[in-house]
Amino acid sequence: DGAGMKVPGASAPVDLLESPVKRARTVQEKVLNSPFLNLAGHKVRSVVVIELFAGSARLTRALCEKGLDGIGFDSAHNKFKPEAKVIKVNLTTPEHQRMILSAIASGKVAYVAASPPCGTASRAREIPLPGGGPRQLRNARFPAGIPGLKGTEAVRVQAANELYEFTARVMQSCVEHGVAFT
């Protein structure tokens, strides 16, 4: 049934069927009187929910409407108007990556949602368009990028690869600290 399932790397059995909202409320109650976290210059007492690559931050807004403390993180180049608090960061930098991983390890986070950008990895690039469209930058044989990419294409693929690797480290950290993630 998923209750009490042992997850590799987790310090205790994890109930995979437990509601993330219920779990987040438990963490929120536990940390309300604890010291502040410093997230990119923003002091917050309780984060509970982190949305990475937040875009419009609709998930953060919806969870905040349920009474949880949540915060989104996204690039300064985010083209969407956030519907909840979003801190502008560059998640390809070690400084900002350490900040997120430290928050997860702090015991003040119950849930992390991450939806890294797919622009360079989208299968839609394989669809021929009238008048042409963006060319394919990756494929099944070269998932990290087609050899010979130059200029902006190479820079975009490298940055996306760094974000995918960071997302994997976030997931591993969540498992290690008993934090739910999607």
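1. How many bridges join strand 3 to strand 4? In this predicted model, the pairing between strand 3 and strand 4 (residues 70-74) consists of four bridges, and the two strands run parallel. Within this pairing, Ile 50 has Ile 71 of strand 4 as its bridge partner. Between the two strands the chain passes through helix 2 (residues 58-65), and the resulting β-α-β crossover is right-handed.

2. For orientation, the protein chain contains four helices and seven strands, and their order, read from the N terminus, is α-β-β-β-α-β-β-α-β-α-β. The chain has 182 residues, of which 37% count as buried. If one takes the contacts between residues at least 6 apart in sequence, 55% of them join residues at least 24 apart.

3. Strand 3 (residues 48-52) deserves a closer look, since five of its five residues are buried. Besides its pairing with strand 4, strand 3 is joined by five bridges to strand 6 (residues 109-114), and this pair also runs parallel. Here Val 48 of strand 3 is placed opposite Val 109 of strand 6.

4. Strand 6 is itself largely enclosed by the rest of the structure, because five of its six residues are buried. In addition to its bridges with strand 3, strand 6 pairs in the parallel sense with strand 7 (residues 180-181) over two bridges, and Val 112 stands opposite Phe 181 of strand 7. The chain travels from strand 6 to strand 7 by way of helix 4, in a β-α-β crossover that is right-handed.

5. The largest nonpolar core holds 19 residues, and the members that touch the most others are Ile 50, Leu 52, Phe 73, Leu 91, Ile 100, Val 112 and Val 170. Two or more residues come to this core from each of strand 3, strand 4, helix 3 (94-105), strand 6 and helix 4 (151-177). Val 170 may serve as an example: once its neighbours within four places in sequence are set aside, Val 170 is in contact with Leu 52, Ile 100, Leu 101, Ile 104 and Val 112. Another core, of eight residues, lies apart from the largest one and includes Val 49, Leu 63, Leu 68 and Ala 113.

6. The loop between strand 3 and helix 2 contains two residues whose backbone I would check when reading the model. Most residues other than glycine have a negative phi. Phe 53, which is found in this loop, has a positive phi of about 55 degrees although it is not a glycine. Ala 57, whose place is in the loop between strand 3 and helix 2 as well, likewise is not a glycine and has a positive phi, of about 60 degrees.

7. Are these loop residues buried or exposed? Phe 53 has a relative accessibility of 10%, and since buried means under 20%, Phe 53 counts as buried. Ala 57, at 0% relative accessibility, counts as buried too. Ser 56, which also has its place in the loop between strand 3 and helix 2, is buried with a relative accessible area of 16%.

8. Which residues does Ser 56 touch, not counting those up to four places away in sequence? On that basis, the contacts of Ser 56 are with Phe 80, Lys 81, Pro 82, Glu 83 and Ala 84.

9. The last point concerns open space in the model. The largest pocket has a volume of about 790 Å³, and of the 24 residues that line it, Asp 74, Ser 75, His 77, Pro 117 and Leu 163 are the closest to its centre. Helix 4 gives the most to the lining of this pocket, with five residues, and helix 4 is also one of the elements that give two or more residues to the largest nonpolar core.

How values were computed: Residues numbered from 1 in each chain as written. Predicted model: local features only at pLDDT ≥ 70, side-chain atom pairs only at ≥ 80, totals over all residues. Heavy atoms only, no water. Buried < 20%, exposed > 50% of the residue type's maximum accessible area, 1.4 Å probe, protein only. Pairing = 2+ DSSP bridges. Right-handed = clockwise from strand over helix to strand, strands pointing away. Core = buried A, V, L, I, M, F, W, Y, C linked by side-chain atoms within 4.5 Å. Contact = heavy atoms within 4.5 Å. 1 Å grid on protein atoms, 1.4 Å probe; cavity = no way out; pocket = protein on both sides within 12 Å on 5 of 7 lines; lining within 4 Å. Points joined across faces, edges and corners; volume = space filled by probe spheres on them.
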